[in-house]
Amino acid sequence: MADSVRVSESNGLTFLHVENPLASAKISLFGGHILSYIPKSDGQERLWLSPHAFLNGERPIRGGIPVCWPWFSDDHGKQKGELPSHGFLRTQVWQLTSSIEDENGTHLILTPSFSRAEGFEYDCEVTLKVSVGEHLTVNLSTENKGVVPFTFNCALHTYFHVDDIHNTELKGISGQYKDKTQNWALEDTPSPYTFSQQTDRIHLSAVKQTDVVVNGKTFTKVISNGNDSLVVWNPWQEAASISDMDPFGYKHMICVETSMTGGHDLAPGQVHELIQQVIPV
Ligand SMILES: O=P(O)(O)OC[C@H]1O[C@H](O)[C@H](O)[C@@H](O)[C@@H]1O
């Protein structure tokens, strides 16, 4: 184990605490889920974790970076609720298979216990590579280890911390989006992109860079690769009906999700990498 990684246990879950000269981070092995990333450059938390998140394995963790795979939301070809929302990786225990450190930070590789379950009966290898340094880099890799092609979706469903959603703007997104709150109506991306109501959108272009601008200043840059879309979500006052959020929780978060939502075909032997970089500004 790298010297910059410490392990703790609480309520049956195992956590990795990374502390190096460039940043600190906390990762839950339940879900392979990054909970916190604080760069040393300014000491400010970039991720949002709900104060009411279940940190005992009972439910997926609300906040941080949930790993959605091999489907997004309820898009699994069955009745809503028949299979777990966002797939079955965020509710299982992952293993830490490698940890090294160098002048760029601490580099971890995590693997889920299984990647074959109801709704996805294929052979593949999934890994999550996490680099904690001046930037946070997360790489969700899927390799088809079987003899038949398969189609899957995935997302790095990051909850970004913002001081005040009313003073938050996203920059860098253009084109059309599908609006889940309007029965998937197609709309044009607003400019400026600010928030005043429940927002649940799949932006249909492979957005590469999104700036999270807070109080007129870019706070965090989000670089996406291997995506075909970008999801933007804030539940607004609907947060009151979400048991692991409080009614005002929506004020301090915005989800900017590097995502594959259109169905990606992977032939035997092929590898797909979904990469999100969180760059403090
Ligand atoms: O409550 P969860 O299953 O974690 O999903 C939280 C949210 O994830 C995505 O952003 C979807 O677009 C939303 O429709 C969903 O409400």
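## Exercises on a predicted model

Pro-192 lies in the loop between strand 13 (185-188) and strand 14 (193-194). The structure is a predicted model.

**Exercise 1. Find the residue that Pro-192 is joined to by a cis peptide bond, and give omega.**

Solution. Step 1: the partner in the cis peptide bond is Ser-191. Step 2: omega of this bond is about 0 degrees. Step 3: a cis bond also joins Trp-69 and Pro-70, again with omega of about 0 degrees. Pro-70 is placed in the loop between strand 5 and strand 6.

**Exercise 2. State the sign of phi at Asn-11 and locate the residue.**

Solution. Step 1: phi of Asn-11 is near 50 degrees, which is a positive value in a residue other than glycine. Step 2: Asn-11 belongs to the loop between strand 1 (5-10) and strand 2 (13-19).

**Exercise 3. Describe the surroundings of the ligand by residue and by class.**

Solution. Step 1: locate the ligand, which sits in the largest pocket. Step 2: list the shell, which consists of Arg-62, Phe-72, Ser-85, His-86, Arg-90, His-157, Lys-180, Asp-200, Val-231, Trp-233 and Glu-257. Step 3: sort the shell by class, which gives 5 charged, 3 polar and 3 nonpolar residues.

**Exercise 4. Give the distances from ligand oxygen atoms to polar side-chain atoms of His-157, Lys-180 and Glu-257, then the share of the ligand's area that the protein covers.**

Solution. Step 1: for His-157, a polar side-chain atom is 2.7 Å from an oxygen atom of the ligand. Step 2: for Lys-180, the distance from a polar side-chain atom to a ligand oxygen is 2.9 Å. Step 3: for Glu-257, a side-chain N or O atom lies 2.7 Å from an oxygen atom of the ligand. Step 4: on its own the ligand has 390 Å² of accessible area, and the protein covers 82% of that.

**Exercise 5. Classify the aromatic pair of Phe-88 and Phe-114, and say where its two members are in the chain.**

Solution. Step 1: a pair of aromatic rings is described by the centre distance and the angle of the planes. Step 2: a search of the whole structure returns 13 aromatic pairs. Step 3: in the pair of Phe-88 and Phe-114, the centres are 6.0 Å apart and the planes differ by 20 degrees. Step 4: planes under 30 degrees apart count as stacked, so the pair of Phe-88 and Phe-114 is stacked. Step 5: Phe-88 is in the loop between strand 5 (67-68) and strand 6 (94-102), while Phe-114 is in the loop between strand 7 (105-112) and strand 8 (124-132). The two are 26 residues apart, and the pair links distant parts of the chain.

Key: Residues are numbered from 1 along each chain as its sequence is written. This is a predicted model: local features need pLDDT of at least 70, side-chain atom pairs count only at pLDDT 80 or more; totals for chains, interfaces and linings use all residues. Side-chain values use heavy atoms; hydrogens and water are left out. A residue is near a molecule or strand if one of its heavy atoms lies within 4 Å of it. A polar contact is a pair of N or O atoms within 3.5 Å; within protein, one must be able to donate a hydrogen and the other to accept it, and residues adjacent in sequence count only if both atoms are side-chain atoms. Accessible areas come from the Shrake-Rupley method with a 1.4 Å probe; for residues, only the protein chains shown count as cover. On a 1 Å grid over the protein atoms alone, a cavity is a set of points where a 1.4 Å probe fits but cannot get out, and a pocket is an open set with protein on both sides within 12 Å along at least five of seven lines; lining residues have an atom within 4 Å of a point. A molecule sits in a cavity or pocket if more than half of its atoms lie within 2 Å of its grid points. Ala, Val, Leu, Ile, Met, Phe, Trp, Tyr, Cys and Pro count as nonpolar, Asp, Glu, Lys and Arg as charged, and the others, Gly among them, as polar. Rings of Phe, Tyr and Trp (its six-membered ring) pair if their centres lie within 6.5 Å; planes under 30 degrees apart count as stacked, over 60 as edge-to-face and the rest as tilted. Helices (H or I, at least four residues) and strands (E, at least two) are DSSP runs, numbered from the N terminus.
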